[in-house]
Every structure is written in structure tokens, then in C-alpha cells.
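User: Please go through the terms applied to this model and show how each label follows from its cut-offs.

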Amino acid sequence: MKKILPTLTLISLCIFSCQDKKTTEPFKPDSNKEKSVTSPAEKKDEKEDKGFIVLKNTYQQKDWIKLYNKDHSEWKSFQMNDTFNDDDLTPYMMKPEYTLLVFKFLGNENGFYKVLVNENTIKYIKESDPLFLYQTTQEHILSVFSVGFNEKENPLRTMPDSKAPSQPLDDDSFYYPIKITGNWLMVKDDHEQSLWIRWCDEKGHLILELYYDA
């Protein structure tokens, strides 16, 4: 019995020692976990609203649309017919049946428009290309068929003033863009009533949904 007690005591000390070691061991992150990767589209200039590059409504399907790489070599050329489809192209808006093609504009660079052709890809269009037109965000808003907005965060107002009386949204009506004054857009509904909503936030970022057809 005397021999067993020292042995049990030794075992107990080892157990407590191991437990103490586990609790004091510093945390090490799991190196096998997938690391977060920042895509090129997350750069600051790609988040800013600088306008749009729009295919002119005079476009003919026989005309070739050309997009370029940063080194000015040709990346892609195509004719946009009614059934056109390309997995590389998911721009701000594209409806081939209406010859509608809209790219988010990121800036000018050596005689080229810098545009976003899909979520992660930047390409270029010649500024001299007669098929395309640059529009500011305000100009583009006024060129679309109608707009959508978050009624809770951006209610309709009787005047371009956040303190002006609000009006309920009519879910059965379109809201057509009429004119812009500062950060406010005048819209007209199907009952010919003129109302106001904000078209951008405090930082000048577009907060409307743009609808190009009914």
C-alpha cells in the first residue's frame, strides 16, 4: 500500500501539469483555413460613381464593338445582335434585344475610357470610338425609363427637402425621372404627380435602381 500511494501521487501531478500546459499555451490560428482575397474590383476608384459609358442608340448590328487591354492590345471584338451572349461580359446593364450596353466608368487613361466589364475585370474603350458616349451619373439617371428606390430610407417628398411632407409609394405606378436639383431627383408618377427623392447619399453614391424599360 505504501508503494501504491507515491505512484498515485505522481500520476496526479502529471495530469494537473498537462492540464495547466493546455490552458496556458498561446492560441495559434489554423493555417489550413482559406485566406480572404481582395479582388481588383475592390479598389477605391472602382467604388466611386464617376458616370457611365453607354452604347449609342444609333448602333447598328453590323458595327464591331471593340474592348481593349491596359496595354491597348485588343481584348475582345463583337457584333451585338438580338441573341448575343458572352460570359466575360456582365456590365452594369446589357440588353442585346434593345442594343443596350452600359459600362460603369472608372476614369480616363491615355485616350481611353477605363470601364468595368464584369465584377472583377477592368478593360478599356477608346475615347474616340464613335459608338460610345460618356454620361455623368446625373445625365444617365435622366436618360432611363424609370427609377426604383427604398421607400423607408428614401421616401417621396413634396419638395426637395428632407423635412418636407412625405407621400406614400404607389406600387402600381412607375416613377419617371424629370430633373435633378442638387442631391434630389424630381419624379413624375402615372397620375402626373411630381414628387422628389434623393438620387445619391451624402458621399454622392447612387442609391436608386435604374430601369431601362417597362
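**Strands and hairpins**

Analyst: In β13, the residue opposite Tyr176 is Lys188. This is a predicted model, in which local features need pLDDT of at least 70 and side-chain atom pairs count only at pLDDT 80 or more, while totals for chains, interfaces and linings use all residues. Residues are numbered from 1 along each chain as its sequence is written, and side-chain values use heavy atoms, with hydrogens and water left out.

User: How do you know that β12 and β13 pair?

Analyst: Strands are DSSP runs of E with at least two residues, and helices are runs of H or I with at least four, numbered from the N terminus. Two strands pair if DSSP finds at least two bridges between them. Strand β12 (residues 176-181) and β13 share five bridges in the antiparallel sense, so the criterion is met. Their hairpin has two residues between the strands, and Gly182 takes a positive phi near 60° there.

User: What joins β13 to β14?

Analyst: Five bridges do, with β14 (residues 194-198) running antiparallel to β13. One partnership sets Trp184 against Arg198 in β14. Five residues lie between β13 and β14 in this hairpin, and Glu192 in the turn has a positive phi of about 65°.

User: What makes β13 mostly covered?

Analyst: Four of the five residues in β13 (residues 184-188) are buried. Buried means under 20% relative accessible area, exposed means over 50%, and partly exposed lies in between, with a 1.4 Å probe and protein chains only.

**Aromatic rings**

User: Why do Phe174 and Tyr176 count as partly exposed?

Analyst: Phe174 has 33% relative accessibility and Tyr176 has 23%; both values therefore fall in the partly exposed range.

User: Why is the pair of Phe174 and Tyr176 called tilted?

Analyst: Rings of Phe, Tyr and Trp (its six-membered ring) pair if their centres lie within 6.5 Å; planes under 30 degrees apart count as stacked, over 60 as edge-to-face and the rest as tilted. The structure holds 10 aromatic pairs. Phe174 and Tyr176 are 6.1 Å apart centre to centre, with 45° between the planes, so the label is tilted. Elsewhere, ring pairs link Phe105, Tyr113 and Tyr134 into a cluster.

User: How do you know that Lys76 lies over the face of Trp75?

Analyst: A charge sits over a ring if NZ of Lys or CZ of Arg is within 6 Å of the ring centre and within 35 degrees of the ring normal. Lys76 is placed over the face of Trp75, at 4.8 Å from the ring centre, so the distance satisfies the limit.
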